[in-house]
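Okay, thanks for coming, everyone. I'll put the structure up and then walk through a few bits of it.

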Amino acid sequence: MQTISENKCFGGVQGVYRHTSDACGCDMTFGLFLPEEAAEQPVPVLWYLSGLTCTHENAMVKAGAQGWAAEAGVALVFPDTSPRGEGVADDEAYDLGQGAGFYVNATEAPWAPHFRMWDYVAEELPRIVATNFAVDEDRQAITGHSMGGHGALTLALRLPGRFRSVSAFAPIAHPSRSDWGRKQLAAYLGADEGAWAGYDATLLMRRLGFDGPVLVDQGSKDQFIDLLKPEALAQAMMERRQNGQVRMHQGYDHSYFFVSSFIRDHIAFHAEALFA
């Protein structure tokens, strides 16, 4: 593993690291914030999954999360959103290919050789982080924005016992019924919609639920709200009688101004679960 940078940050360290990924078949880069407590003992970890067009860097520099994570004594992991590099398939559209991995294991050409983001985020990167840094594998939580909110919810729902809590900012909540989802799921997984169900938070919520608290924040002025379909997830949570909240915030859009406005709430929400 190569250290790209390490900077003192709110008493802790914000690092950026690169490693060779077996899951994705290329080099991958991630950010990791460790609070000062990590110098003495393993700390709980909150995973932050980013959205379309993002890299590991967007949330790391725009969300304003490190100060609140330092106050709570929680590590933050910022994975990339897709495989990258020479020989990795791509598309001219911003919402498919590099920068748009959708946190799935692709089965279709030309994506299958590299686009295995589910395995990367669910298995490979957690092993690398736990092996090399002072994080507590038994105390994990997950959050994300937009496509990353979709990833956070689906990972939490399909990996019972892994995460103590899950939250999302404006997630793509019902991709199998949205143009932000149907295009990508068909490209990565093929035309059989039965293969898509494991990557749809609304369908997973109806079928499985989550064994912890859920927090979803959505802006009423989100320019993509019709593609996100938060009402479908909210209905599924009600039907499941899920422990959680879906909050609609008047006037907020889809940007990192929205995320940074409520990141404190999300870190406090996860800290309560992580230190329970």
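**Helices, core and cysteines**

So, let's start with helix α3: its buried residues pack against strands β2 (12–21), β3 (26–34), β4 (43–49), β5 (75–78) and β6 (135–144), and also against helix α4 (147–158). Keep in mind that this is a predicted model.

Which residues of α3 are buried? They are M117, W118, Y120, V121, A122, E124, L125, P126, I128 and V129. E124 comes up again in the helix geometry: α3 has a kink of about 35° there, shortly before the proline P126.

Now the core. The largest nonpolar core has 90 residues, and the ones touching the most other members are F30, Y120, I142, L155 and Y188. Helix α3, residues 117–132, gives the most to this core, with eight residues. As background, nonpolar side chains tend to be buried together in soluble globular proteins.

Take L155 as an example. Leaving out residues up to four places away in sequence, what does L155 touch? The list is L49, W118, V121, A122, I142 and F163. Three of those names, W118, V121 and A122, you just heard among the buried residues of α3.

Next up, helix α5, residues 179–189. Its buried residues are W180, G181, Q184, L185, Y188 and L189. Look down the axis of α5 and those buried residues fall within an arc of 100°, so they line one face of the helix. What do they pack against? That would be α7 (225–228). And Y188 is one of the residues I named for the core, among those that touch the most other members.

Both ends of α5 have something to look at. At the start, S178 has a side-chain oxygen that reaches to within 3.0 Å of the backbone nitrogen of W180. Just after the helix, G190 takes a positive phi, about 100°.

Last topic, cysteines. How many disulfides does the structure hold? Zero. A disulfide is a covalent bond between the sulfur atoms of two cysteines. So why don't C24 and C26 make one? Because the sulfur of C24 is 5.3 Å from its closest cysteine sulfur, the one in C26, and that's too far for a bond. Go from the other side and you land on the same pair: for C26, the closest cysteine sulfur is in C24, at 5.3 Å. The cut-off used here is 2.5 Å.

Are these two cysteines buried or exposed? C24 is buried, at 0% relative accessibility, and C26 is buried too, with a relative accessible area of 10%.

That's it from me, happy to rotate the view.

Methods
Residues numbered from 1 in each chain as written. Predicted model: local features only at pLDDT ≥ 70, side-chain atom pairs only at ≥ 80, totals over all residues. Heavy atoms only, no water. Buried < 20%, exposed > 50% of the residue type's maximum accessible area, 1.4 Å probe, protein only. Core = buried A, V, L, I, M, F, W, Y, C linked by side-chain atoms within 4.5 Å. Helix = DSSP H or I, 4+ residues; strand = E, 2+ residues; numbered from the N terminus. Contact = heavy atoms within 4.5 Å. Arc of directions from axis to C-beta. Polar contact = N/O pair within 3.5 Å; in protein donor to acceptor, adjacent residues only side chain to side chain. Bend = angle between axes of the 7 residues up to and from the residue.
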